[in-house]
Amino acid sequence: MLITGARRITGEPIAVRIAGGRLADVAFELSATGDEPVLDAGGGTLLPGLHDHHVHARAAVAAMQSVKVGPPHVTTPRQLAETLQRCAPRTDGWIRAVGYHDSVAGELDRHRLDELFVGAPVRIQHRSGALWIVNTPGLIALGRPDHPTGRFFRQDSEFAATTVGESMDFSPLGSALAAFGVTGITEATPNLGAADLEALDAAVHTGQLPQRVMVLSRAEGQRFSRLEFGPIKRILDDSSLDLDELTLWVARQHSSAHAVALHCVTVVQLVVALTALRTAGVRTGDRIEHAAMVPGDMLDDLAGLGITVVTQPNFVAERGEEYVLDVPAAEQHELWRVASLYRAGVPIAGSTDAPFGELDPWAAMRAARDRLTTSGTLLSPDERVSAATALAMFLGDPHTPARPRDLVAGERADLCLMSAGPDAVLAELSAELVAATVIDGHIRHSIDL
């Protein structure tokens with residue numbers, strides 16, 4: 001296939017020939033040979049395909065089958081009750097709800113949830129992804145009727161019998177990602193078991209997930225035909241931090257030739273993570289996931305270690321209203337830093353954390369550029385970056401996420417074609433401009449140019 005009439009994001013004309021899933025030829029202009037199919041970009045912008053460097057694929061599919069019960073969709077106890085009452089249970093008998101925040105109806109437990117709805121088993125996931133709240137009918141269904149609170153912190157295994165199952169259809173997620181121009185994802189759920197990895201591998205093999213998939217888990221002794229493996233992820237929780245144990249764990253992973261990806265959403269988690277890495281030593285590929293709060297005096301520490309930060313600027317827009325209320329004004333500039341990380345020399349990559357953030361990477365780019373909450377409040381304007389920089393955060397290779405890919409001969413034919421020229425693309429940063437998505441040389445999404 002030949003793509004002609006396109007422009008790079010920097011404005012130069014570009015044409016590319018695709019063969020064997022690679023960019024066989026890249027030039028200002030190319031002519032078709034024989035009966036070679038030609039896609040005329042009509043002056044549109046040709047980009048490397050986007051890569052979302054931190055998502056949770058299985059949870060994202062489940063979230064598509066769930067009801068949203070947090071801001072901005074639901075903001076009061078009455079709205080929460082009405083939303084649950086309108087829901088029909090899924091085929092497994094449960095109502096599955098996601099995105100809850102305490103601002104809606106306080107700190108939910110089984111008793112408060114029973115006051116709102118007892119018509120069917122209900123499980124509500126907190127927007128952090130770390131907590132499930134279950135009503136009394138749900139606890140009975142789980143065989144846990146005497147559970148005192150119905151609150152399950154990092155206990156997803158409790159719900160193994162109520163998940164969609166190994167035959168989960170990833171097609172809706174794959175199609176949605178392709179419509180955004182996403183040609184690859186990093187599955188950031190830690191400790192995935194063999195069955196989960198096999199399901200992901202099968203989804204890629206069958207084309208349900210046409211995207212390239214890298215995982216932050218490891219299944220020793222097993223081989224998968226379509227998955228790539230990156231650093232080993234570990235979640236840090238304030239209540240169970242152990243610096244010595246974490247340091248030993250990092251050293252053990254490094255000695256097995258594995259980089260690490262450390263989940264850090266609080267300052268204390270970041271302090272412990274950096275101390276462990278400084279003591280154990282840093283390996284190429286080590287990452288900090290999220291870095292939701294970074295004090296100014298830690299910027300040089302991050303830069304000095306050379307660790308890549310994989311962050312989610314979309315939360316400035318999606319959760320900014322709560323941040324304004326909940327985070328002291330003197331600390332709000334530490335939230336979801338971008339520009340100051342770049343200025344300090346910290347390698348950065350972008351992601352959405354879907355389904356805990358919205359799946360649209362273009363919205364994340366706009367948030368990095370604009371730093372606006374849903375009401376239009378400007379949150380930490382010094383952290384704004386240019387549109388080109390925001391876009392580059394989603395162009396990295398999964399194994400070198402902070403290094404944007406380029407359109408050069410020999411690269412994989414993973415492409416995102418926009419329907420508008422570079423100036424319009426950078427001005428709008430909108431998924432509505434995605435005209436075609438090419439993965440491994442095959443068109444996986446297209447609209448009329």
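These exercises, each with a worked solution, concern a predicted model.

**Exercise 1. Aromatic pairs**

Find the aromatic pairs in the whole structure and classify the one formed by Phe224 and Phe229.

Solution.
- Step 1. A search of the whole structure returns two aromatic pairs.
- Step 2. Take Phe224 and Phe229. Their ring centres are 6.0 Å apart and their planes meet at 45°.
- Step 3. Apply the cut-offs. Centres must lie within 6.5 Å, and planes under 30 degrees apart count as stacked, over 60 as edge-to-face. The angle of 45° fits neither class, so the pair is tilted.
- Step 4. Check burial. Phe224 has a relative accessible area of 13%, so Phe224 is buried, since the limit is under 20%. Phe229 stands at 24% and is therefore partly exposed.

**Exercise 2. The pair of Phe315 and Trp336**

Describe the geometry of the pair Phe315 and Trp336, then place both residues along the chain.

Solution.
- Step 1. The ring centres of Phe315 and Trp336 are 5.2 Å apart, with 45° between the planes; this pair is tilted.
- Step 2. Phe315 belongs to helix α11 (residues 314-318). Trp336 sits in the loop between α12 (320-326) and α13 (339-344). With their positions 21 residues apart, the pair links distant parts of the chain.
- Step 3. Phe315 and Trp336 are both buried.
- Step 4. Look for a charge on the ring. Arg319 lies over the face of Phe315, 4.0 Å from the ring centre.
- Step 5. Another arginine is placed over a ring elsewhere: the charged end of Arg123 sits over Trp132, 4.1 Å from the ring centre.

**Exercise 3. Nonpolar cores**

State how many residues the largest nonpolar core has, and which helix gives the most to this core.

Solution.
- Step 1. The largest nonpolar core has 73 residues. Leu209, Leu262, Ile288 and Trp362 have the most contacts inside it.
- Step 2. Helix α9 (residues 267-280) gives the most to this core, with six residues.
- Step 3. Follow Leu262. Beyond its neighbours within four places in sequence, Leu262 contacts Arg234, Leu246, Trp249, Ala273, Leu277, Arg287, Ile288 and Glu289.
- Step 4. Another core, of 20 residues, lies apart from the largest one; among its members are Val69, Val74, Leu84 and Ala120.
- Step 5. Set this against the general trend. In soluble globular proteins, nonpolar side chains tend to be buried together.

**Exercise 4. The second largest pocket**

Give the volume and the lining of the second largest pocket, then look at the peptide bond that leads into Pro355.

Solution.
- Step 1. The second largest pocket holds about 660 Å³ of space.
- Step 2. Its lining counts 29 residues. Nearest the centre are Lys68, His73, Pro355, Gly357 and Glu358.
- Step 3. Five elements each supply at least two lining residues: α1 (57-64), β8 (95-100), β9 (122-126), α11 and α12.
- Step 4. Ala354 and Pro355 are joined by a cis peptide bond, with omega about 10°. Pro355 is in the loop between β19 (348-350) and α14.
- Step 5. The bond from Pro71 to Pro72 is also cis, with omega near 0°. Pro72 is in the loop between β7 (67-68) and α2 (77-86).

**Exercise 5. Buried or exposed?**

Decide whether Thr183, Leu379 and Phe28 are buried or exposed, and list contacts for each.

Solution.
- Step 1. Thr183 is in strand β12 (residues 182-187). At a relative accessible area of 3%, Thr183 is buried. Its contacts more than four places away in sequence include Gly49, Gln211, Asp414 and Val438.
- Step 2. Leu379 is in the loop between α14 (361-370) and α15 (387-392). Its relative accessible area is 2%, so Leu379 is buried. Outside its sequence neighbours, Leu379 touches Val316, Tyr323, Val324, Gln332, Arg371 and Thr373.
- Step 3. Phe28 is in the loop between β3 (22-27) and β4 (38-40). At 60% relative accessibility, Phe28 is exposed. Outside its sequence neighbours, Phe28 touches Glu12, Pro13, Ile14 and Ala15.

**Exercise 6. Positive phi**

Describe the backbone at Ala257 and Asp440, neither of them a glycine.

Solution.
- Step 1. Ala257 has a positive phi of about 70°. Ala257 lies in the loop between α8 (243-255) and β16 (260-264), and is partly exposed at 46%.
- Step 2. Asp440 has a positive phi of about 55°. Asp440 is in the loop between β23 (434-439) and β24 (442-446), and is partly exposed at 35%.

Key:
Residues are numbered from 1 along each chain as its sequence is written. This is a predicted model: local features need pLDDT of at least 70, side-chain atom pairs count only at pLDDT 80 or more; totals for chains, interfaces and linings use all residues. Side-chain values use heavy atoms; hydrogens and water are left out. Buried means under 20% relative accessible area, exposed over 50%, partly exposed in between (1.4 Å probe, protein chains only). Helices (H or I, at least four residues) and strands (E, at least two) are DSSP runs, numbered from the N terminus. A charge sits over a ring if NZ of Lys or CZ of Arg is within 6 Å of the ring centre and within 35 degrees of the ring normal. A nonpolar core is a set of buried Ala, Val, Leu, Ile, Met, Phe, Trp, Tyr and Cys residues joined through side-chain atoms within 4.5 Å. Contact means heavy atoms within 4.5 Å. On a 1 Å grid over the protein atoms alone, a cavity is a set of points where a 1.4 Å probe fits but cannot get out, and a pocket is an open set with protein on both sides within 12 Å along at least five of seven lines; lining residues have an atom within 4 Å of a point. Grid points are joined across faces, edges and corners, and a volume is the space filled by probe spheres set on the points.
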